[in-house]
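User: I'd like to go through a few of the labels on this one and see what backs each of them up. Can you start with the rule for a charge sitting over a ring?

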Amino acid sequence: MLDKITALYCRLSNDDDLQGESNSITNQKAILKKYADDNGLTNTAFYVDDGFSGTNFNRPDFIRMIDDVKADKISTIITKDLSRFGRDYLMTGQYIEMILPDYGVRYIAINDGVDTLRSENEMMVFKNVFNDWYARDTSKKIRAVFNAKGKSGKPLTSHPPYGYKKSEADKFVWEVDEEVSAVVQSIFQMCIDGFGPSQIARLLKERKILTPTAYSQLQKDGNITAKYPYNWSSRTIDNMLERPEYVGCTVNFKTQRKSYKCKKMVKNTRDKWVVFEGTHPAIISRHDFDLVQEIRKHKNRPQKHSEVNPFSGMVYCADCGKLMYLCRSKSHTPEQEHLKCSSYANNQEVCSAHFVRTAVLRKIVLAELNGIMSVVKEHEQEFVQMALDNSSQQQSAELKSARKQLSQAERRIAEIDRLFIKLYEDNVSGKVSDERYTAISKTYEDEQKQLKAKVPELTEFIAAREQKTADTAKFVEIVHKYSEVIELTPTIMHEFVEKIVVHAPDKSSGHRTQRIDIYWRFNVAVSTTTANRLDYQPKRRKAE
């Protein structure tokens, strides 16, 4: 065994480093080397993991050392103590008591008096458990500090999002990075204009805009090591478009670790986020950010055409409620382009074959839009009052129904709990047989499971309705941005229209007529017209 290696393993985590010089890599090396020399253990080699937790066994030099063990290159492993080897008592015990002996490797922990060649090491198990407890306790303390910091409004992330940089005066304060903030603004504007993430990524690549990773490397090191510095991905665009940080918010607790032993990060649901408004300058206005989120609700597959259709992802079938497909081709003329029911396209028995030509729909929406703009400008006060009244009535009815359903579901869940107790008592006393008890309890469990699944949906709906007030002033502000709309663009559509509902055609009169409902944003009104009458008629509009 003289030609085999005596492995001197050193490990230092960030937590250990806080305890001073006693656990430093330099001190560990000195102790291990002296012990090896004093005990005649030759052919020593250091394996060092600096900055790695003992609960994690995916350490580079630890893995290299175990590979050498399996290659029959190592005869002895020495550590300062058991905690240097690891703080997970299960994994540490498995390595020391099973894996290393299987390969004929001797293990020594100097300070703990462990030597697998010369003693039974009865206390080793307890020492490993104490080391594991220490890691658990340290994790709790770090998490408590982490939570306190997050709830104080300071950003938990160590890197500001693309478009921001840390202030030189205070690392917890973000400043606008003027070099790339315009890129962020252009990404949001392209989304408002109707471009999808893949299209935006392609345009940024064509313009040779550095990706966030490449730009970060340039700022930090002065050079770019990324192989493809302009290769933007649609996932990066997706993440940027959904970040509230761009409107001046600090968002903490977006992710968490499963446990102190599992370092994998998992995403938290939005209800666990803690959001602080106005903590840093906004790059994107609240109006544009909300508009983008509204657009993102209607994600659709990328179009091959360079021109974005303003109706894409905004038109729905009145009968089945599904999105209507945009049918376009390079061989089609503008008059042939149309929208058809997606349900009918997939299964002709589900819905009818009604469709609407985009050229006709464009004329209708333009006429209705200019008409409602005229009403707002000429009768602003009356319009505002009408919109507020309509929105309040609509929300009141919907909220009343949702609250009633929620109350009934919660009462029934509590009632089933009481019934379970009584059923169990009747079963124990012999009033209800085991077979009957199993059948009834299964029915109650299924019903309660369905109700518990429904409660979060109703709660979320009520919360969303209560937060969505009639922002009529914002609609009026948008109206005043335009004198007259001549061309219908995706930006204008998304600014003014929430959705369009197309009804099946009516041929009872001998002429084909089709009802079109236009739902304006902020619940200000619903315009109803027909596809065979393209002139704007205020009397035909109804507000719901």
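Analyst: Sure. A charge sits over a ring if NZ of Lys or CZ of Arg is within 6 Å of the ring centre and within 35 degrees of the ring normal. Keep in mind that this is a predicted model.

User: What makes Lys499 count as sitting over the ring of Tyr519?

Analyst: The charged end of Lys499 is 4.9 Å from the centre of the Tyr519 ring, and the cut-off is 6 Å, so the pair qualifies. Lys254 also lies over a ring face, that of Trp273, at 5.2 Å from the ring centre.

User: Why is the pair Phe57 and Phe62 called edge-to-face?

Analyst: Their planes are 75° apart and their centres 5.4 Å apart; edge-to-face needs over 60 degrees, and pairing needs centres within 6.5 Å, so both tests are met. Phe57 and Phe62 are both buried, and they belong to one aromatic cluster with Tyr9, Phe85, Tyr95 and Tyr107.

User: How do you know that the length of helix α5 fits its residue count?

Analyst: At 1.5 Å a residue, its 14 residues (89-102) should span 20 Å, and the end C-alpha atoms are 19 Å apart, so the two agree. Helix α5 does bend, by about 35° at Tyr95.

User: Which residues of α5 are buried, and what do they pack against?

Analyst: Thr92, Gly93, Tyr95, Ile96 and Leu100 are the buried ones. They pack against α3, β3, α4, β4 and α6.

User: What makes the Asp88 to Leu90 approach a polar contact?

Analyst: A side-chain oxygen of Asp88 comes within 3.1 Å of the backbone nitrogen of Leu90, at the start of α5; the limit for an N or O pair is 3.5 Å, so the distance fits.

Note on methods: Residues are numbered from 1 along each chain as its sequence is written. This is a predicted model: local features need pLDDT of at least 70, side-chain atom pairs count only at pLDDT 80 or more; totals for chains, interfaces and linings use all residues. Side-chain values use heavy atoms; hydrogens and water are left out. Helices (H or I, at least four residues) and strands (E, at least two) are DSSP runs, numbered from the N terminus. The expected span of a helix is 1.5 Å times one less than its number of residues. The bend at a residue is the angle between axes fitted to the seven residues ending there and the seven starting there. Buried means under 20% relative accessible area, exposed over 50%, partly exposed in between (1.4 Å probe, protein chains only). Contact means heavy atoms within 4.5 Å. A polar contact is a pair of N or O atoms within 3.5 Å; within protein, one must be able to donate a hydrogen and the other to accept it, and residues adjacent in sequence count only if both atoms are side-chain atoms. Rings of Phe, Tyr and Trp (its six-membered ring) pair if their centres lie within 6.5 Å; planes under 30 degrees apart count as stacked, over 60 as edge-to-face and the rest as tilted.
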